[in-house]
Amino acid sequence: MDFKNDLLLRAARGENIERYPVWLMRQAGRILPEYRAVRNSLSGFKELVETPALAAEVTIQPVDHLDVDAAIIFSDILVIPEAMGLEYQLIEKVGPRFEKTIKSEADLVKHGQTDFDVEDRLGYVKEAIEITKKELNGRVPLIGFAGAPWTIFCYMIDGGGSKTFSESRKMLYQNPTLAHELLNRITEVTIRYLKMQIKAGADLVQVFDSWAGILGNNQYNEFGLKYINKIADAINEVPVTLFAKGAYAALPNLANSNCNTLGLDWNMSVADVRKIVGENKTLQGNLDPCALYSSHSEIEQLTNNMLDSFKSKRHIVNLGHGVYPDIDPEKVKTFIKTVKNYEIKN
């Protein structure tokens, strides 16, 4: 496809760019009144995810209203465990909740299924991508995504969000064989799911390891990095971004992963990470999301400070995590305009 704006893809591949591309994690929804109007017309978040035409509509809204350089398909990382047989509910102001969890080999048989057609169970994501690609008509690339196996594992074991994910971590000590079997199954399904997204039209895919930082380095290498590497090795059709939040000690190993881009959270030093990875990887991030609560002038200054720290063209500008739902969209626009007005000095 011929893109009107392919900055994201060129930056991911390490090609020459005239300015840094910019988009935001969780840009599809949350802050936009246009999204809330669509969301409030439905029974809940899951209905929106599972209604392709509406998912496509809210995917495109940030391109229309924020002028970002990429769209990211509106979906949820927890569609994977649901497809595997573990249904979840998204409770307002609480988060995701699984009525059942995996505690034993018997649970794995029921709720860790892999023998199914991904398109049959997750075809609504495929359809949403196809609609989005048609309506975008090459304006910007479309990003597909999935949760990393370790992060999905945490929800399937603990049954929801947690500060410690102690049940998940307990299994790594008490039954590592079961843990590896579940992680392998999640990985297998995720690879098929991402390939479905690519076939439908995703131009780049990102793997979110939101809970990478709760593991020590040795455990993360065994139960986290091992599996996102399997995914990265299997995806060669489009550029791949790995975002392992909080996995600071794992950065040297992440630098050797078969991916194009490493996402950085806001606690990671761009300069330090660049020393580790050299020019072999594009870096993505990493303004503190809370910086967008500042005044417009302060946002402009903080954004320029971050841009000045890059010292390389191999960057995609983003926040260090998802945009918070109560951020003023006008503040987001200031962030985006500042990036677009910045002249690359090297």
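These exercises work through parts of a predicted model.

**Exercise 1. Place strand E6 among its neighbours.**
Find which strands pair with E6, and in which sense.

Solution.
Step 1. Start with strand E5, residues 204-209. E5 and E6 are parallel and share five bridges.
Step 2. Pick out one pair. Val207 has Leu242 as its bridge partner in E6.
Step 3. Turn to strand E7, residues 261-263. E7 also runs parallel to E6, joined by three bridges. Thr241 stands opposite Thr261 of E7.
Step 4. Trace the connection from E5 to E6. Helix H11, residues 217-234, completes a β-α-β unit with E5 and E6. What is the hand of this unit? The unit is right-handed.

**Exercise 2. Decide whether the faces of E6 are buried or exposed.**

Solution.
Step 1. Take the strand as a whole. E6 covers residues 240-244, and five of its five residues are buried.
Step 2. Recall the pattern. Side chains in a regular strand alternate between the two faces of the sheet.
Step 3. Sort the residues by side. Val240, Leu242 and Ala244 lie on one side. Thr241 and Phe243 lie on the other.
Step 4. Conclude. Both faces of E6 are covered, since each of these residues is buried.

**Exercise 3. Check the cysteines.**
State how many disulfides the structure holds, then classify Cys154 and Cys259 by burial.

Solution.
Step 1. Count the disulfides. There are zero.
Step 2. Apply the cut-off: buried means under 20% relative accessible area.
Step 3. Cys154 has 0% relative accessibility, so it is buried. Cys259 has a relative accessible area of 7%, so Cys259 is buried too.

**Exercise 4. Describe the setting of Pro62.**
Say where Pro62 sits and what it touches.

Solution.
Step 1. Locate the residue. Pro62 belongs to helix H4, residues 52-65.
Step 2. Judge its burial. Pro62 is buried because its relative accessibility is 0%.
Step 3. List the contacts, leaving aside neighbours within four places in sequence. Pro62 contacts Gln27, Ala28, Leu32, Asp67 and Val68.
Step 4. Compare sequence with space for Pro62 and Tyr324. They are 262 residues apart in sequence, and their C-alpha atoms are 14 Å apart.

**Exercise 5. Contrast two annotated spans.**
An unreviewed UniProt entry lists residues 21-30 and 143-159 under "domain: Uroporphyrinogen decarboxylase (URO-D)". Describe each span in the model.

Solution.
Step 1. Residues 21-30 are 0% helix and 0% strand. Their end C-alpha atoms lie 21 Å apart.
Step 2. Residues 143-159 are 59% helix and 29% strand. Here the end C-alpha atoms are 28 Å apart.

Technical notes:
Residues are numbered from 1 along each chain as its sequence is written. This is a predicted model: local features need pLDDT of at least 70, side-chain atom pairs count only at pLDDT 80 or more; totals for chains, interfaces and linings use all residues. Side-chain values use heavy atoms; hydrogens and water are left out. Buried means under 20% relative accessible area, exposed over 50%, partly exposed in between (1.4 Å probe, protein chains only). Helices (H or I, at least four residues) and strands (E, at least two) are DSSP runs, numbered from the N terminus. Two strands pair if DSSP finds at least two bridges between them. A crossover is right-handed if, with the strands pointing away from the viewer, the path from the first strand over the helix to the second runs clockwise. A disulfide is a pair of cysteine sulfur atoms within 2.5 Å. Contact means heavy atoms within 4.5 Å. UniProt positions are given in the numbering used here, feature names are shortened, and annotations may be inferred rather than shown by experiment.
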